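Visitor: Please show me how to read a structure like this one, beginning with a single residue and then moving outwards to the whole chain.

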Amino acid sequence: MNIRHLTGRFAIGMGAPDAAMIADIKAQGFSSVVSLRSVGEPNEIMAPEAEAQAVEREGMTWLHFPLSPPQVGEINVTDDLSRKLQDLPAPLLIHCASGARAAGMVVAICAVGENWGFETAMKKVAEAGITLPPLLAPKLADYVAAKRG
């Protein structure tokens, strides 16, 4: 798994960890791991239950928030994840298959919660070396615009 730091609170995992990586994630100072992958998603390395056990064995908090690509930026879904992330100890590693879902959700949450401009949020993603699919940016911009009313 390739890890990209987006903020002091959030890092994006591009890919899923295997059992050996969980200890390394802890050693890197993460307090929570969030998986956006669905059960049985292609290239699944560990089932969510196994990942949860490995993360909790290392003393970290684990959250499973299955998210399909079309749900990224949906207001109710993004707000729900944002609320759940507020309760988790930081720093958080959020992962999915490619990092796109994780980065997209963090961009939306930070753009609103940290009061970033949308362009600033997209710049931070690019600076972290994360590429978002072209169809995702308009959905995220719409989310930010809706939340700012």
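Visitor: What does Asn 43 count as, buried or exposed?

Guide: Relative accessible area, found with a 1.4 Å probe on the protein chains only, is called buried under 20%, exposed over 50% and partly exposed in between. Asn 43 counts as exposed because its relative accessibility is 71%, and its place is in the loop between strand E3 and helix H2. The phi of Asn 43 is near 65 degrees, which is a positive value in a residue other than glycine. Asn 115, in the loop between H4 and H5, also has a positive phi, of about 60 degrees, although it is not a glycine, and at 59% relative accessibility Asn 115 counts as exposed.

Visitor: What should I keep in mind about the model itself?

Guide: This is a predicted model, in which local features need pLDDT of at least 70 and side-chain atom pairs count only at pLDDT 80 or more, while totals for chains, interfaces and linings use all residues. Residues are numbered from 1 along each chain as its sequence is written, and side-chain values use heavy atoms, with hydrogens and water left out.

Visitor: How many helices and strands are there in the chain?

Guide: The chain has 6 helices and 5 strands (DSSP runs numbered from the N terminus, H or I of at least four residues for a helix, E of at least two for a strand). Read from the N terminus on, these elements run β-β-α-β-α-β-α-β-α-α-α.

Visitor: Where is Pro 91 placed, and what is the peptide bond from Ala 90 to Pro 91 like?

Guide: Pro 91 lies in the loop between H3 and E5, and the peptide bond that leads to it from Ala 90 is cis, with omega near 0 degrees. The C-alpha atoms of Pro 91 and Gln 28 are separated by 9.8 Å, although their positions lie 63 residues apart along the chain. Gln 28 belongs to the loop between helix H1 (19-27) and strand E3 (32-35), and because its relative accessibility is 40%, Gln 28 counts as partly exposed.

Visitor: Which residues have the most contacts inside the largest nonpolar core?

Guide: A nonpolar core joins buried Ala, Val, Leu, Ile, Met, Phe, Trp, Tyr and Cys residues through side-chain atoms within 4.5 Å. The largest one here has 37 residues, and those with the most contacts inside it are Val 34, Leu 36, Leu 81, Leu 85, Ile 94, Ile 130 and Leu 140. H4 gives the largest share of this core, 9 residues. Leaving aside residues up to four places away in sequence, Leu 81 touches Leu 36, Leu 63, Phe 65, Met 105 and Ile 109 (a contact means heavy atoms within 4.5 Å).

Visitor: How many cavities of 30 Å³ or more does a search of the whole structure find?

Guide: On a 1 Å grid over the protein atoms alone, a cavity is a set of points where a 1.4 Å probe fits but cannot get out, whereas a pocket is an open set with protein on both sides within 12 Å along at least five of seven lines, and lining residues have an atom within 4 Å of a point. Points are joined across faces, edges and corners, and the volume is the space filled by probe spheres set on them. The search finds 1 such cavity, and the largest cavity holds about 70 Å³ of space. Its lining includes Ala 16, Arg 37, Glu 44, Trp 62 and His 64. The largest pocket has a volume of about 200 Å³, and of its 13 lining residues the closest to its centre are Ser 82, Gln 86, Ile 109, Cys 110 and Gly 113.
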